[in-house]
Amino acid sequence: MKITRVSLIVLFMVISCNAIFAQNEKSFPDALTVIYNRRSVRHFTGEKVSQDDLIAIAKAAMAAPTAVNMQPWSFIIVTDRGGLDALAKVLPYAKMLDKAGAAIIVCAIPEKALQGKTEFAIIDSTCAGENILLAAEALGLGAVWTGVYPDKNRMDFVRKQLNIPESVIPLNVIPIGYPTSEDKPKDKFKRENMHWERW
Ligand SMILES: Cc1cc2nc3c(=O)[nH]c(=O)nc-3n(C[C@H](O)[C@H](O)[C@H](O)COP(=O)(O)O)c2cc1C
């Protein structure tokens with residue numbers, strides 16, 4: 001086979017393109033590594049979180065399972081410093097918002113849930129919440145679920161602060177940011193919590 005100058009140039013271009021794409025591709029840890037390394041992160045560097053990462057996290061949230069695939073949820077993403085500080089000021093266990101780059105509020109919508117039931121809306125949205133925590137870990141970020149539901153005062157405050165309709169349940173506020181190295185994963189595996197075949 002005759003190797004022409006043109007075919008050599010084409011080959012060179014293909015190899016170069018592959019090298020460039022390989023450099024730009026982010027590599028992610030495998031699923032079990034992400035799950036075992038996830039921990040509640042309460043100490044952030046203060047660095048901002050990119051919109052691309054927040055969209056990737058929201059996409060992970062919406063990939064969660066829901067009863068009959070009803071997806072009874074919405075997600076409020078707060079990036080504004082004033083908005084984050086306003087939440088931190090009132091929510092008693094969410095003071096880490098002062099250094100977070102963003103926060104996601106998972107909102108459960110009973111009227112969109114299976115049989116219009118609050119229970120299904122909460123269960124489904126909780127699955128989405130866990131996906132947010134895992135996606136943050138996978139992206140090299142940190143996050144922590146801070147409780148809003150079922151505390152009525154906190155729900156009322158978050159609704160008012162973020163203009164959430166009365167029929168929608170703000171489940172949590174999840175601060176997200178770049179972790180300092182202070183928070184470590186806990187080993188919570190307990191064999192006594194496993195029951196093989198029956199209780
Ligand atoms: C429903 C729920 C409410 C929580 N509320 C808070 C909270 O308000 N503030 C906080 O710092 N952590 C909160 N957490 C995080 C727990 O404290 C944390 O998940 C638990 O201590 C286990 O630690 P780990 O997440 O590092 O494994 C909450 C978690 C859940 C699931």
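## Fold, core and ligand shell of a predicted model

Proline 150 is found in the loop between strand E4 (146-147) and helix H6 (152-162). In this predicted model, the peptide bond that leads from tyrosine 149 to proline 150 is cis, with omega near 5°. As a general rule, most peptide bonds are trans, and most residues other than glycine have a negative phi.

Further backbone features concern phi. Valine 68 and glutamine 71 both lie in the loop between H3 and E1. Neither is a glycine, yet phi is positive at valine 68, at about 55°, and at glutamine 71, near 50°. Valine 68 counts as exposed because it has 10 C-beta neighbours inside 10 Å. Glutamine 71 has 17 other C-beta atoms within 10 Å and is therefore partly exposed. Glycine 140, which follows H5, also has a positive phi, near 80°.

The table collects these phi values.

| Residue | Phi | Place |
|---|---|---|
| Valine 68 | about 55° | loop between H3 and E1 |
| Glutamine 71 | near 50° | loop between H3 and E1 |
| Glycine 140 | near 80° | after H5 |

The chain contains 6 helices and 6 strands. Read from the N terminus, their order is α-α-α-β-α-β-α-β-β-α-β-β. Of the 199 residues in the chain, 30% are buried. When contacts between residues at least 6 apart in sequence are considered, 77% join residues at least 24 apart.

In soluble globular proteins, nonpolar side chains tend to be buried together. Here the largest nonpolar core comprises 44 residues, and Ala103, Ile132 and Ile176 have the most contacts inside it. Two or more core residues come from each of helix H3 (51-62), strand E1 (73-78), helix H4 (81-90), strand E2 (102-108), helix H5 (118-138) and strand E6 (172-177). Helix H5 gives the most to this core, with 8 residues. Leaving aside residues up to four places away in sequence, isoleucine 132 touches Ile57, Ala60, Ala61, Ile104, Ala143 and Ile174.

The length of H5 can be checked against its residue count. At 1.5 Å a residue, its 21 residues should span 30 Å, and the end C-alpha atoms are 30 Å apart, so the two values agree.

The ligand is surrounded by Arg39, Ser40, Arg42, Tyr93, Val144, Trp145, Thr146, Gly147 and Lys186. By residue class, this shell divides into 3 nonpolar, 3 polar and 3 charged residues.

How values were computed. Residues numbered from 1 in each chain as written. Predicted model: local features only at pLDDT ≥ 70, side-chain atom pairs only at ≥ 80, totals over all residues. Near = placed C-beta within 6 Å. Nonpolar A, V, L, I, M, F, W, Y, C, P; charged D, E, K, R; others polar. Helix = DSSP H or I, 4+ residues; strand = E, 2+ residues; numbered from the N terminus. Buried ≥ 20, exposed ≤ 12 C-beta atoms within 10 Å, placed from the backbone. Contact = placed C-beta atoms within 7 Å. Core = buried A, V, L, I, M, F, W, Y, C linked by C-beta atoms within 7 Å. Expected span 1.5 Å × (residues − 1).
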